[in-house]
Amino acid sequence: MKNELIKRFTSYVKVDTQSDESSETCPSTEGQWTLLRMLVDELKSIGMEEVTIDENGYCMATLPSNTEKDVPTIGFLAHVDTATDFTGKGVNPQIHENYDGGEIVLNDALKVIMSPNAFPNLSEYKGHTLITTDGTTLLGADNKAGVTEIMTAMAYLIQHPEIKHGKVRVAFTPDEEIGRGPHKFDVAAFNAKFAYTVDGGPLGELEYESFNAAGAKITIKGTNIHPGSAKNKMVNSAKIAMELNSRLPLFEAPEHTEGYEGFYHLISFNGDVEETKLSYIIRDFDRENFNARKANMTKIVQELQEKYGEDSILLELKDQYYNMREKIEPVKEIVDIAHQAMENLDITPIIKPIRGGTDGSQLSYMGLPTPNIFTGGENFHGKYEFISVDNMVKATQTVVEIAKLFEERA
Ligand SMILES: [Zn+2]
């Protein structure tokens, strides 16, 4: 299975599928179409049925049931795009067999070295086959690893008809990294009762809690006047912006929080005397605290409006996604099955809240409860991204085992 995984993964990562927030189309970039069309062909060639791709680039396929039992239809999803943080063009994957636990020279000429001092988790991979970048791009394990593992698991189940399973649906989707993900996903056409995104990090990750998320965009208008004659006339919008930010709790920011703690995060601040724009994201696991944070932001803006004039400050507050736990808890058995699948494979499940969102955060509210399982990748979104092929085998086996357990329990 290792060679099959390497072959698929290295062919997928060579296609530049970086998404683009400034694009209005879905998928946002042409490269995603290229990979999605490759996947359509491959799904057909491995023997999947009902292989479709719609006008928004959502690719779906079916592995028909091979059991007499009445098993709920389950789905597996992975996104094909890569992060916008670092270039994904010209990815040149490097394979390191039987990793010795020491430094890995990613690029000799550019002196890019990945060392266990900077990345202590490398020590867990002694003896593994690792795939890294050449130090000039990201790898794209997020989430071509998930695509690879789902594809390989389906090929495995087709080649092993003795493993009984219900109907399995798979989907490869665009634009997760720019927050759109399943916006146009046809849940009715997918027609699964439960699903899993295969989009997590290291071995054993199993996630069914995400943030509640909102974005706040604030525009502040000032009045610019020659500083020499500005007394009682100038209104400096940049200073009002600083005043606004200073009213937020100082330690409720990403750099001071972890675990279940929420925050306000100032992601950009652009302005001058005349006009200043602030962009925040607001995050909290707890719905009440989330609402309280939004109310606090609104209150601060109102107070400043009272002080500087109602038209001087404009707030646009928009919810982005919600904690999927609310939708998954009532069908917690799907998390238990993933947990059991990992234990059956001697993998220790690591359940922790995602300090972010996944496609599952949106899908769960669209009627498809969707927890997330690991892919085996580490250091996502940069040049130190890498993945263990040994753990990709385990992720693939986990997908197979989940399908098997649904049949056994039906
Ligand atoms: Zn991802």
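Two strands are counted as paired if DSSP finds at least two bridges between them. This tour of a predicted model begins with strands that meet this condition and then moves to the metal site, a helix and several charged pairs.

**Stop 1: strand β9 and its partners**

Select β9, residues 194-200. The strand is mostly covered, with 7 of its 7 residues buried. Now add strand β16, residues 372-374, which pairs with β9 in the parallel sense over 3 bridges. To see one of the residue pairs, display Thr-197 together with Asn-372, its bridge partner in β16.

Next, add strand β3, residues 74-79. Here too the pairing with β9 is parallel, and it extends over 4 bridges. Gly-75 and Ala-195 are bridge partners, the latter in β9. Such pairing of strands in a sheet runs through backbone hydrogen bonds, in either a parallel or an antiparallel sense.

**Stop 2: the zinc ion**

Select the zinc ion and display the side chains around it. Which protein atoms serve as its donors? They are NE2 of His-79, an OD atom of Asp-142 and two entries for OD of Asp-199, at 1.9 to 2.7 Å from the ion. Along the chain, the donors follow the spacing H-x62-D-x56-D. Because His-79 belongs to β3 and Asp-199 to β9, this pair ties together parts of the chain that are 120 residues apart in sequence.

Both of these residues are covered by the protein: His-79 is buried at a relative accessible area of 1%, and Asp-199 counts as buried at 12%.

Why is the arrangement of the donors called irregular? The 4 donor atoms subtend angles of 51 to 145 degrees around the zinc ion, whereas four donors count as tetrahedral if all angles lie between 85 and 135 degrees. For reference, the ideal angle for four tetrahedral donors is 109.5 degrees.

**Stop 3: helix α2**

Select residues 30-46, which form helix α2. The helix has 17 residues and spans 25 Å from its first C-alpha to its last, close to the expected 24 Å. Colour its buried residues, among them Trp-33, Leu-36, Leu-39, Val-40, Leu-43 and Ile-46. The buried list also includes Gln-32 and Glu-42.

What covers these buried residues? The covering elements include helix α1, strands β1 (49-53) and β2 (59-63), helix α3 (141-159) and strand β8 (168-173). Then step just past the end of α2 to Gly-47, where phi is positive, at about 105 degrees.

**Stop 4: an open sheet**

Select β4, β7, β18 and β17, which form an open sheet of 4 strands in that order, with antiparallel pairing. β4 (94-96) and β17 (377-378) stand at the edges with a single partner strand each, so one side of each has no neighbour in the sheet.

Move to the β4 edge. Strand β7, residues 130-132, runs antiparallel to β4, and 3 bridges join the two. Within this pairing, Gln-94 is found opposite Thr-132 of β7.

**Stop 5: salt bridges**

How many salt bridges does a search of the whole structure find? The search finds 18. Side chains of opposite charge can pair when their charged atoms come close.

Start with helix α1, residues 2-13, where Glu-4 and Arg-8 lie 4 residues apart, about one turn of the helix. Their side chains meet in a salt bridge, at 2.9 Å from N to O. Glu-4 counts as partly exposed at 30% relative accessibility, while Arg-8 is buried at 11%.

Next, display Arg-293 and Glu-252, whose closest N and O atoms are 2.8 Å apart in another salt bridge. This one links distant parts of the chain, 41 residues apart: Arg-293 is in helix α6 (residues 287-308), and Glu-252 is in the loop between α5 (237-246) and β12 (263-271). Arg-293 is buried, at 10%, and Glu-252 is partly exposed, at 31%.

A further pair is Arg-325 with Glu-329, joined at 2.9 Å from N to O. Arg-325 is partly exposed at 28%, as is Glu-329 at 36%.

Finish by selecting Glu-243, Arg-247, Lys-299, Glu-303 and Lys-307 together, since these residues are linked in a network of salt bridges.

Conventions
Residues are numbered from 1 along each chain as its sequence is written. This is a predicted model: local features need pLDDT of at least 70, side-chain atom pairs count only at pLDDT 80 or more; totals for chains, interfaces and linings use all residues. Side-chain values use heavy atoms; hydrogens and water are left out. A salt bridge is a side-chain nitrogen of Lys or Arg within 4 Å of a carboxyl oxygen of Asp or Glu. Buried means under 20% relative accessible area, exposed over 50%, partly exposed in between (1.4 Å probe, protein chains only). Donors are N, O and S atoms within 2.8 Å of the metal (3.2 Å for Na, K and Ca); water is not among the atoms, so sites may look incomplete. Four donors count as tetrahedral if all angles lie between 85 and 135 degrees; four count as square planar and six as octahedral if opposite donors are over 155 degrees apart and all others between 65 and 115; anything else is irregular. The expected span of a helix is 1.5 Å times one less than its number of residues. Contact means heavy atoms within 4.5 Å.
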